[in-house]
Structures are given as structure tokens and as C-alpha cells.
Amino acid sequence: MVKVEFLGPINTDALELDVANLRQLKEILNKNENLKEWLKLCAVALNDEIVTDLDTPLKNGDKICILPPVCGG
């Protein structure tokens, strides 16, 4: 199981899912219409490191954070 956290204004409770890689996670999250739009904009961190490869393998205990874009001044 991996833990998926949604930061900032995404306003979704954390999930624990049994998935093999980020591609599989994306397929599951895209079924939620509210998350689907966020996923187009967000970065993904795996154990506090930004990742972009959807084939990145996941293992039991991994923490994934969905990071929305931010603006600063």
C-alpha cells in the first residue's frame, strides 16, 4: 500500500492504495472528476522527490504527494 496525499487547495483526503507504479495510480485518480483536472496541473513527489516517469515503480510504504502549482511574489 502507498499513501497518496493531496496538498493545498485540492481539498481531498489522503488515500491508501495498492498500486504497482505511477501510471496505475494516475488511472485510478483520473476516475475522480474533481482530481482529473488537478492532475493535469500538478507535480508529483515520491518520498519527497519530484518524479515524472509514470513507469516509476512503487513499493509498500511509499508516500506520494500531489503538488498543485503555486504562485509567489
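Ala, Val, Leu, Ile, Met, Phe, Trp, Tyr, Cys and Pro count here as nonpolar, Asp, Glu, Lys and Arg as charged, and the others, Gly among them, as polar. By that split, the lining of the largest pocket holds 10 nonpolar, one polar and three charged residues. The model is predicted. The briefing starts with that pocket, then turns to the core, the strands and the loops.

**Largest pocket**

- The largest pocket encloses about 260 Å³ of space.
- It is lined by 14 residues, and the closest to its centre are Lys26, Leu39, Cys42, Val44 and Leu54.
- Two elements give two or more residues to this lining: helix 1 (22–29) and strand 3 (43–46).
- Helix 1 supplies the largest share of the lining, with four residues.

**Nonpolar core**

- The largest nonpolar core has 17 residues.
- Val4, Phe6, Leu25, Leu29, Leu58, Ile64 and Ile66 touch the most other members.
- Strand 1 (2–6), helix 1, helix 2 (33–39) and strand 5 (63–67) each give two or more residues to this core.
- In soluble globular proteins, nonpolar side chains tend to be buried together.
- Leu58 is one of the core residues that touch the most other members. Leaving aside neighbours within four places in sequence, Leu58 is in contact with Val2, Val19, Ala20, Asn21, Leu22, Leu46 and Ile64.

**Strand 1 and its partners**

- Side chains alternate along strand 1. Val2, Val4 and Phe6 point to one face and are buried. Lys3 and Glu5 point to the other face and are not buried.
- Strand 1 and strand 5 run parallel, joined by four bridges.
- Val4 stands opposite Ile64 in strand 5, and Glu5 stands opposite Cys65 in strand 5.
- Strand 1 and strand 2 (15–17) run antiparallel, joined by three bridges.
- On the strand 2 side, Val4 stands opposite Leu15.
- Val4 thus has a partner in strand 5 and another in strand 2.

**Strand 3 and its partners**

- Strand 3 and strand 5 run antiparallel, with four bridges between them.
- The strand 5 bridge partner of Val44 is Ile66, and that of Ala45 is Cys65.
- Val44 also belongs to the pocket, among the residues closest to its centre.
- Cys65 is the residue opposite Glu5 of strand 1 as well.
- Strand 3 pairs with strand 4 (49–51) in the antiparallel sense, over three bridges.
- Leu46 stands opposite Glu49 in strand 4. Leu46 is also one of the contacts of Leu58.
- Strand 3 and strand 4 form a hairpin with two residues between them.

**Turn between strands 3 and 4**

- Asn47 lies in the turn of the hairpin and has a positive phi of about 50 degrees.
- Asp48 sits in the loop between strand 3 and strand 4.
- Phi of Asp48 is also positive, near 70 degrees, in a residue other than glycine.
- Most residues other than glycine have a negative phi.
- Is Asp48 buried or exposed? Asp48 counts as exposed because its relative accessibility is 65%, and the cut-off for exposed is over 50%.
- Asp48 and Ile28 are 20 residues apart in sequence, and their C-alpha atoms are 21 Å apart in space.

**Loop between strands 1 and 2**

- Pro9 and Asn11 both lie in the loop between strand 1 and strand 2.
- Pro9 is exposed because its relative accessible area is 56%.
- Which residues does Pro9 contact, leaving aside its neighbours within four places in sequence? They are Trp38 and Pro68.
- Pro9 and Pro57 are 48 residues apart along the chain, and 27 Å separates their C-alpha atoms.
- Asn11 has a phi near 55 degrees, a positive value in a residue other than glycine.
- Asn11 counts as exposed because its relative accessibility is 72%.

Definitions and conventions:
Residues are numbered from 1 along each chain as its sequence is written. This is a predicted model: local features need pLDDT of at least 70, side-chain atom pairs count only at pLDDT 80 or more; totals for chains, interfaces and linings use all residues. Side-chain values use heavy atoms; hydrogens and water are left out. On a 1 Å grid over the protein atoms alone, a cavity is a set of points where a 1.4 Å probe fits but cannot get out, and a pocket is an open set with protein on both sides within 12 Å along at least five of seven lines; lining residues have an atom within 4 Å of a point. Grid points are joined across faces, edges and corners, and a volume is the space filled by probe spheres set on the points. A nonpolar core is a set of buried Ala, Val, Leu, Ile, Met, Phe, Trp, Tyr and Cys residues joined through side-chain atoms within 4.5 Å. Buried means under 20% relative accessible area, exposed over 50%, partly exposed in between (1.4 Å probe, protein chains only). Contact means heavy atoms within 4.5 Å. Two strands pair if DSSP finds at least two bridges between them.
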